[in-house]
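Here is a short, friendly tour of one corner of a protein chain. Have the structure open beside you as you read.

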Amino acid sequence: MSGGPTTPAPAPAKPKTPTGPGPRIALRNWRISTRLVALLTLPVVAATSLGALRISESLDDIQQLDNMKLLTEMTKQATDLASALQEERDQSAGPLSNNPKATGDFSIKAAREKTNRARDTFLQSTTDIEGDSGSGSLNGVREHAVQIAHELINLNKIRQGSYAAKTNSSQTVEAYARIVEQLLSLSTDMAQATSSPEMIQRTRALAAFSSAKEYASEQRAVIAAALPPNSSTFGSITETDRQYALAASENQASQLDSFRSVYGEVDAQELLKPLDENNATIKAADNYAERVLAKSDGIKTQDKRSYKDWVDADSSRIQEMSKIELTLLNQMEQQARELRNSSEQSAIINGALILIVLGVSLVGAFVVARSMIRSLRRLQDTATRVAQDRLPELVKQLSESDPQDVDTSVESVGVHSRDEIGQVAGAFDEVHREAVRLAAEQALLRGNVNAMFTNLSRRSQGLIQRQLSLISELESREADPDQLSSLFKLDHLATRMRRNGENLLVLAGEEPGRRWTRPVPLVDVLRAAASEVEQYERIELASVPATEVAGRVVNDLVHLLAELLENATSFSSPQTKVKVTGHALPDGRVLIEIHDTGIGLSPEDLAAINERLASPPTVDVSVSRRMGLFVVGRLSQRHGIRIQLRPSDSGGTTALVMLPVDVAQGGKKIPGSQAGPGGGGPAAAQAARTVRADAATGADRFAGLAGAARGRALLDLVRDEAALVLAYSAAEDVDVERGFLEMGFDSLSAVELRNRLSQATGLALPATLLFDYPTPAGLAAHLDEVFPSDSERLLDPILQELEKLAADLPATSADDVLRDRVGNRLRELLAKVTGPADAPPAAPDPVLDDLETASDDDIFRFLDGLDT
C-alpha cells in the first residue's frame, strides 16, 4: 500500500519569555518595600476613608448640636417674648375693653415695658445667629427670624388698636396670637436644623406644649375683655368672642394630647402634675371658663367678678405652664449638650481608632518589610561579596598555591528562616559550595597540567641542552664553511626549540633553571635574543647604550626580546630589515625599540594586544594561538618591564620595551632613586658611574702588576669566574688545560663568563672569546697579551668619547646648545690629557633635564609626538 507524501507537523511554538527586566514601572521590578506598601495601601485607605466618614458625621453632628445650642438660646428668648406678649395682651384686655384710653394703666405700662425688653433681647439673639453660624441648615431659621422681626415692627400698631372694638376683642387677641405663633414656630425650625431623633422629639413636644399655653392665654384674654372693672355688674361676651375662646379651649386640649403623645404618657403625666392635680385655684378657673364658654349667656350664670379677679385666678395656670415650658427648654438644652459631648467623644474615639489602625498597619508593614529586606540585603551583600571578592580571591589563591593549602570552606549567608528567602539563601550556599568545589577541581587540574608542562619542558630542555653542547663541539672542530653554516642553522633551530620549551615553563608559572649571576651588557642580550630567531640575519642592531642587564633577568629578557623579534621578522617582508635601537634615559631606565615594516595592525588589534600585554589572561586554549604574546606579557609582568605596541611611521609596527632601573643598571639599586618597576628617577649618571667604577677598580688592580705576577693573577681570575659560572665548589676544581666545552660550557654560559671577565678587567672582549681560546690557560694568556698599558688605559676612554663627539660635530652649526656642550666636553678631555685646568662649567642639557622626571607613559607619548 502506498500513500502520498506527508506534510511534517509544524514545530510547537516556543513559549515567549521576557528578554529583559522590562520597564521600571512594571510590577515585577518593584522593590519589596514598595510592594508591601502597595499591598497595605488599599485596606488602609478603605479603613481610613470609612473612619473619616464616621468622623465627618460626628463633626456634622457636633456642628448641628452647636447650632442647636444657638437655636435653644434663641428659642428661650422667643419663648420669653411670647410669654411677655401673652402677658401684655391678657393684662391689657380688661382695662382697654372697658376704657380704650386707659393706656396709662400701670399694669399695661409694666407689661408693655417687659415686652419691649424681651423684644430687644430676642432681636439681639437673632443677630447672634446670623453672625456666628454660616451653616446652610440655619438658612430657614434666619429667614423665619427676619419675618418675626417684621411682625414685631407692627407691634405698636397693634397696641394702638388694641380692644378698640368692644364687641370683637378676639380681633386684638388674634393679632397678638399671630406674632406669638411665629415665635413659637421657631421650635419647629429647630427640628429641621438637626438630624438627632431625640432633639426632634424634644422640639416637637415643646412646640405642642407652647401652643397649648398660647391657647390657654387666648381664653384668659377673651374672658378678661368680657368682664367689667369691678364685681358690681355682670360682664358681657359676644358670640364671636365666645366661639373664638371655645375653639382655643378645644385646641388647648388637642395640643396637650399631642404633647403627651410626643413626650410620652408617663413622662408627660409626671410633668403635667401641677396642672392635673387638685389645685383649687386652677380648677376653679377652669370650671369658670368652661361654664362661661358653654353657652351664650353663660357669663351671666356665674358670680359677678371683675377682670382683675379673673386674670389673677387664671394666671396660676399660665404660670405653671410657663414653668413646664421652661423645664422643656432646659431639658432640650441639656439633651443637646449631652448629644454634643457624645458626638465629640465619638469623633475623638474614631480618630484615635484610625490613628491606631494606621499606626499598627505602618508598624506592622515596617516590621515585616524590615525583616524581609534585612534578609534580602544580607543575601544580596553576601552574593556580591562572594561574586566580587571571595570567589575571585579564592580562585587566585588556588591558582597561586597548592589547593591543599587553601581554605575552601564556605561561609553561610546567615539567613536560616523557613520562608522563601531562607530557601533562596540555602540554595545560594549550595551554589557557592559547588562553585568553590569546581574552582578547587579546576585549580587542581590546572596544577596537574602545569606539572605536566613543567615535566615535559624539563625533559626536552635537558635533551636540547645536550644537543646544543654537541653542536657547539662540532662547530669548534669543523673548518668547512658549508658544514659550519649547516651547524649554525642546527644551533638556531635547537635554540628555538629550547625557547619553545621554556614557553611551557612560563605557561606553567615556573621560572627557567638557567640563571646568570652577573650582569650582562645589553648589546649581548640583544645579540642572544637575535640568535634565537630563525631570520637572525635580518635583525640590525643600532645605537645600543653601554648598559648592563641584571643577571637574574637576562634569560627572561632574552626570551622576551626573542619573541618580539620573531613576530617582527615573521610579519614583515623577508627583504626588509628589523631595526633594534636602544636609548638610555636620564633616570637610569632604558628604552628598546623594535621597528619592522610589515603589514601593521589595526587600532583595535593594537589596543587588544596592549591590554593583553599589560594584563596577561588566564591560561586557556586561546592562549596557545598567541603563545608568544602571552609569554611576553607574563615575563614583562614578572620583572616590571613595560611593553607597548604602536604603529610605525614606516607602515609597520614598533614594539617599545621599557627596562626599569633595577633591570637596566645591572641590578644595582641607585641611591635616592624612587623608581619602581617600569619607572625611574634622575639617576642615570650615578648608575653609569657605578658601573664604570667597578670596571676601573678591576683594571687598576691588574695594571699595578707586571710580568708573571699579572699572568698568574689573570689565570686565577679565569678559574674563579669559571667556577662561579659552573657552580663548582672551589676554583681548584677547574683544570686550566681542560677545554671549556668539556667542562660543560654552552653558548650562554660562555657569554656569561666573557661578561664576568670583561667586568673584572675592564676589557672589551668578544662574544666568541671561549671558542677562540678554548682552555682557561690559553684564555688567561690572551688576556695578559691584550691588557693595555697605563697610557693606553688613560687614552682609550678619551678616544671613545672623541668618536662620539665627532658624530655630533655636523650638527653644531645649527644648534647653539649642542655646540656649547661639544666645546665644553672637548675642554674637559683636553684637561684630562694635558693636566688639570680651570675649565668652564658645562652648559645644562634641557632635553636631559626634562627626561629625568619622565615616566614610561610620558616617554611613549614623547616618541609618538616625534613620529607625528
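Y176 touches L85, E88, R89, L155, I158, R159 and S162, leaving aside residues up to four places away in sequence. The model is a predicted one, and Y176 makes a good starting point for exploring it. This residue lies in helix α5. Is Y176 buried or exposed? Its relative accessible area is 1%, and because anything under 20% counts as buried, Y176 is buried. One of its partners is E88: the two residues are 88 apart along the chain, yet their C-alpha atoms are separated by 9.3 Å.

Now turn to Q86, which is found in helix α1, residues 32-98. Q86 has a relative accessibility of 3%, so this residue counts as buried too. Which residues does Q86 touch, not counting those up to four places away in sequence? They are V180, K213, E214, S217 and R220. With E214 there is also a polar contact, side chain to side chain, at 2.7 Å.

The two buried residues can be set next to each other:

| Residue | Helix | Relative accessibility |
|---|---|---|
| Y176 | α5 | 1% |
| Q86 | α1 | 3% |

Two of the residues touched by Q86, V180 and E214, lead on to a helix pair, since both take part in the contact between α5 and α7. How do these helices pack? Helix α5 covers residues 170-184 and helix α7 covers residues 197-226; their axes are 11 Å apart and meet at an angle of about 165°. Because that angle is over 145 degrees, α5 is roughly antiparallel to α7. The crossing of the pair is right-handed.

On the α5 side, the contact is made by V173, A177, V180 and L184. Helix α7 contributes S210, S211, E214, E218, A221 and V222. Sorted by class, the contact has 6 nonpolar, 2 polar and 2 charged residues. E214 therefore appears twice in this account: in the contact of α7 with α5, and as the polar partner of Q86.

Finally, a step back to the whole protein chain. Its secondary structure comes to 30 helices and 7 strands. Of its 868 residues, 41% count as buried, and Y176 and Q86 are among the buried ones. Among contacts between residues at least 6 apart in sequence, 72% join residues at least 24 apart. The pairing of Y176 with E88, 88 residues apart along the chain, gives an example to look at in the model.

Definitions and conventions: Residues numbered from 1 in each chain as written. Predicted model: local features only at pLDDT ≥ 70, side-chain atom pairs only at ≥ 80, totals over all residues. Heavy atoms only, no water. Axes fitted to C-alpha atoms, helices over the stretch in contact; angles between N-to-C directions. Helix = DSSP H or I, 4+ residues; strand = E, 2+ residues; numbered from the N terminus. Parallel < 35°, antiparallel > 145°, perpendicular 65-115°, else oblique. Left-handed = near helix turned anticlockwise from the far one by under 90°. Contact = heavy atoms within 4.5 Å. Nonpolar A, V, L, I, M, F, W, Y, C, P; charged D, E, K, R; others polar. Buried < 20%, exposed > 50% of the residue type's maximum accessible area, 1.4 Å probe, protein only. Polar contact = N/O pair within 3.5 Å; in protein donor to acceptor, adjacent residues only side chain to side chain.
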